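Student: Could you take a close look at one part of this model for me? I'd like to see how the aromatic rings pair up, and how that spot fits into the rest of the chain.

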Amino acid sequence: MNIAKILELQDLYIEAGKINKEFEDSEINKKYIKAKDSRSAAKNAIQEILKQADDYQVALGALSKQIDNLADEAKEISDSDYDGIEMDELNDEKVSIDNCKKEIQGLVSKIDGTKQALQALFRKISMVVNEYKKYDTERNALKPKFEEASLQTKQKFDEINSKVKALKDSMNESDVALYEQTKAAVGKSRVVVKLTATNCGGCGMELEPSAYQKILADKYGKCPSCGRIVYIQE
């Protein structure tokens, strides 16, 4: 195993990680992401308010239709021919008309409440639209610098990726596979560490005699505790 090249590969990955973190922690990235997320949140809020407004409009239509139906029913009863009708039946008709009127009044009250809720939604959407415009303006103002920083970061990544490719092409496939598999298993970029006395240079745990002796013989080996590749610097 060519430890020198594996360490070089590891350093390139670590450098890439630093570049990525530097971009993520940059002021322009944080400001742009904040403005972008706030803009998206405002846009979603507008869509939700419009949906509620549509529901209220549908409800108003349904209430108006109920009123029309009740009004037609009351008119039909009122226009009935009362010749020869018994007094009890006449009273029943009057009660029916009164009930229709009461239901209509209740529906009118609901309509008024729905209209008020709808007006409140329109006032709310006006505020949210202003928020959307504010964050959209902020995002657009930050976009050129953000794209410039993104491009510079991409160029740095492209340069590192070229070095990584050239280095991997010059390495044994088994060495590359060993490093990649170990990195994926450990979940860190720095997975190749020196043996310090009898301790792993990564987790600091003292190796068991058998593991230590194997590393001494092979010049490298896996730490039983953290899974890193431990090597002896000659």
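Tutor: Quick bit of vocabulary before we dive in: helices here are DSSP runs of H or I with at least four residues, numbered from the N terminus. Keep in mind that this is a predicted model. On that reckoning, helix α3 covers residues 87-169, and T114 has its place there. The chain as a whole has five helices and four strands, in the order α-α-α-α-β-β-α-β-β.

Now for the rings. Searching the whole structure turns up three aromatic pairs. Take F23 and F146: their ring centres are 5.9 Å apart and the planes sit at 45°, so this pair is tilted. F23 belongs to helix α1 and F146 to helix α3, so the pair ties together parts 123 residues apart in sequence. F23 counts as buried because its relative accessibility is 16%, and F146 counts as buried because its value is 14%. F146 also pairs with Y32, and that pair is stacked, with 3.9 Å centre to centre and 10° between the planes. Y32 lies in helix α2 (residues 27-78), so this pair ties together parts that are 114 residues apart. Both Y32 and F146 are buried. Put the ring pairs together and you get a cluster of F23, Y32 and F146.

There's also a charge over a ring: K183 lies over the face of Y13, 4.6 Å from the ring centre.

What about the nonpolar packing? The largest nonpolar core has 17 residues, and those touching the most other members are L9, I160, V164, M171, Y179 and V192. At least two residues of this core come from each of α1 (3-24), α3, α4 (173-186) and β4 (229-231), with α1 giving the largest share, seven residues. If you skip neighbours within four places in sequence, V192 is in contact with I6, L7, Q10, Y179, I229 and Y231. A second, separate core has 15 residues, among them L60, I104, L118 and V128.

Back to T114, then. Its relative accessible area is 12%, so T114 is buried. Not counting residues up to four places away in sequence, T114 touches Y56, L60 and L63, and L60 is one of the members of that second core.

For the whole-chain view, 27% of the 234 residues count as buried. The accessible surface comes to about 15,500 Å², 50% of it belonging to carbon and sulfur atoms. Among contacts between residues at least 6 apart in sequence, 70% join residues at least 24 apart.

Conventions
Residues are numbered from 1 along each chain as its sequence is written. This is a predicted model: local features need pLDDT of at least 70, side-chain atom pairs count only at pLDDT 80 or more; totals for chains, interfaces and linings use all residues. Side-chain values use heavy atoms; hydrogens and water are left out. Buried means under 20% relative accessible area, exposed over 50%, partly exposed in between (1.4 Å probe, protein chains only). Contact means heavy atoms within 4.5 Å. Accessible areas come from the Shrake-Rupley method with a 1.4 Å probe; for residues, only the protein chains shown count as cover. A nonpolar core is a set of buried Ala, Val, Leu, Ile, Met, Phe, Trp, Tyr and Cys residues joined through side-chain atoms within 4.5 Å. Rings of Phe, Tyr and Trp (its six-membered ring) pair if their centres lie within 6.5 Å; planes under 30 degrees apart count as stacked, over 60 as edge-to-face and the rest as tilted. A charge sits over a ring if NZ of Lys or CZ of Arg is within 6 Å of the ring centre and within 35 degrees of the ring normal.
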